[in-house]
Amino acid sequence: MITQARQYYIETLEKIRQDGLYKDERIICSPQASKIQVRFPKESPLKEVTNLCSNNYLGLSSHHEILKAAHEGLNQRGYGMSSVRFICGTQDIHLELEKKMSAFLGTEDSCLFSSCFDANGAIFEAFLGPEDGIFSDKLVHASLIDGMRLCKAQRHIFEHQNLHELEEKLKSASCRIKMIVTDGVFSMDGDMAKLDEICLLAEKYNTLVMVDDSHATGFIGKTGRGTHEHFGVMGKVDIIATTLGKALGGATGGCVSGRKEMIELLKQRGRPYLFSNALMPPVVYASLKVLDLLTHSTERRDKLENLTAFWRLALKEAGFDLKPGNTPIVPIMLYDAKLAQSFSYDLYEEGVFAIGFFYPVVPRGEARIRTQISADLEKPQLERVLQAFIKIGKKYKILN
Ligand SMILES: Cc1ncc(COP(=O)(O)O)c(C=O)c1O
């Protein structure tokens with residue numbers, strides 16, 4: 001049996017390779033930043049490349065003040081919690097971080113998780129039963145899809161950003177509680193959900209709104225509070241899930257924030273909250289520091305916004321086929337998985353680190369290079385990187 005199973009896995013891997021869908025990991029041997037030292041392939045010498053695909057949107061992953069705060073957390077409260085929250089894993093610093101997250105996001109209360117993936121795994125089962133209905137955008141993040149699968153509510157999926165279809169579904173469904181579910185910024189396409197219109201529909205059809213703002217918290221909106229700030233609907237979104245693992249220092253951790261009775265219920269019922277360890281003190285200390293920095297200055301998100309505008313325009317003028325949007329996620333569409341792989345290898349040769357995305361991470365036939373801008377980058381760096389993109393774009397004759 002074991003031999004048969006192993007043979008099956010070997011053949012499956014071979015098929016993934018043949019289809020051009022195998023994901024090679026590149027080995028980074030330096031801290032996360034706009035310039036990184038990489039070994040690729042595994043045994044080759046170190047090479048310095050410009051990083052254009054991290055979620056380090058605000059450049060805080062290796063920021064000296066964040067490192068100092070993490071060290072302090074380690075010194076003051078130790079390395080691990082050795083417990084879930086409800087046994088002996090809740091420290092005063094967890095409560096302080098939950099309070100600060102609520103203040104930052106403009107919500108009533110918050111609840112921390114080990115990751116946003118876990119947070120999304122907790123939400124739906126805690127709030128919805130078989131008599132309830134979820135109305136979700138087709139392109140929501142995998143963790144939301146998995147979370148929704150874990151609950152017994154009816155599921156209504158609308159085409160990406162098609163609010164007319166959403167309204168039709170809201171009108172015709174009969175359920176006790178209805179919940180609209182969307183990403184704030186879609187991680188693969190980089191566009192923003194039209195939250196203002198979604199909140200109007202929610203009011204009209206007496207529906208809850210849940211937003212995953214993992215690719216928005218810290219930098220979308222004039223003071224970086226997120227997509228709800230951008231669209232002027234702070235206070236109207238019932239539940240926000242977000243991560244500490246991207247703009248907010250980039251380590252690990254998730255947070256669900258929103259109506260206080262929902263957060264209280266989540267702490268009673270959310271399985272990943274009840275059955276997984278509390279956040280480690282260095283992450284909590286560092287996250288508190290991140291929120292302090294972001295509350296006192298918008299300098300980093302302003303820089304990110306300017307660099308993003310420059311990068312999008314430069315690529316467009318060079319003739320690349322971009323997904324429309326105005327967030328730091330800038331996907332260059334290549335459609336073919338093998339082409340996306342080759343493009344990414346060529347970029348690496350030119351000293352640029354940007355990964356090809358293809359099925360199952362994006363739908364079949366929609367392969368792309370997803371570039372992401374970070375406030376850790378500088379404009380001259382982007383200008384150099386652009387030349388590499390143009391050179392390779394010409395090689396594959398994909399410029400318009
Ligand atoms: C939209 C979205 N939600 C949730 C997650 C998961 O976040 P975490 O790394 O905290 O589990 C991601 C990460 O890729 C994401 O893009």
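In this predicted model, helix α4 meets helix α12 through I93, H94, E96, L97, K100 and F104 on the α4 side and P281, V284, Y285, S287, L288, L291 and T295 on the α12 side. The residues of this contact comprise eight nonpolar, three polar and two charged. A second helix pair, α7 with α8, packs with axes 11 Å apart, and 13 residues surround the ligand.

**Packing of α4 and α12**

- Helix α4 spans residues 92-105 and helix α12 spans residues 281-296; their axes come within 10 Å and cross at roughly 30°.
- Because angles under 35 degrees count as roughly parallel, α4 and α12 are roughly parallel to each other.
- The crossing in which α4 passes α12 is left-handed.

**Packing of α7 and α8**

- Helix α7 (residues 163-172) packs against helix α8 (residues 195-204) at an angle of about 15°.
- This angle makes α7 roughly parallel to α8.
- Helices α7 and α8 cross in a right-handed sense.
- From α7, the residues L163, L166, E167 and L170 take part in the contact, and from α8, the residues E197, I198 and L201.
- This contact of α7 with α8 has five nonpolar and two charged residues, with no polar residues.

**Surroundings of the ligand**

- Among the 13 residues around the ligand, those that come nearest are S115, C116, F117, H141 and T243.
- The shell around the ligand contains nine polar residues, together with two nonpolar and two charged residues.

Key:
Residues are numbered from 1 along each chain as its sequence is written. This is a predicted model: local features need pLDDT of at least 70, side-chain atom pairs count only at pLDDT 80 or more; totals for chains, interfaces and linings use all residues. A residue is near a molecule or strand if its C-beta atom, placed from the backbone, lies within 6 Å of it. Ala, Val, Leu, Ile, Met, Phe, Trp, Tyr, Cys and Pro count as nonpolar, Asp, Glu, Lys and Arg as charged, and the others, Gly among them, as polar. Axes are lines fitted to C-alpha atoms, for helices over the stretch in contact, and angles run from 0 to 180 degrees between N-to-C directions. Helices (H or I, at least four residues) and strands (E, at least two) are DSSP runs, numbered from the N terminus. Angles under 35 degrees count as roughly parallel, over 145 as roughly antiparallel, 65 to 115 as roughly perpendicular and the rest as oblique. A crossing is left-handed if the near helix is turned anticlockwise from the far one by less than a right angle, and right-handed if clockwise. Two residues are in contact if their C-beta atoms, placed from the backbone, lie within 7 Å.
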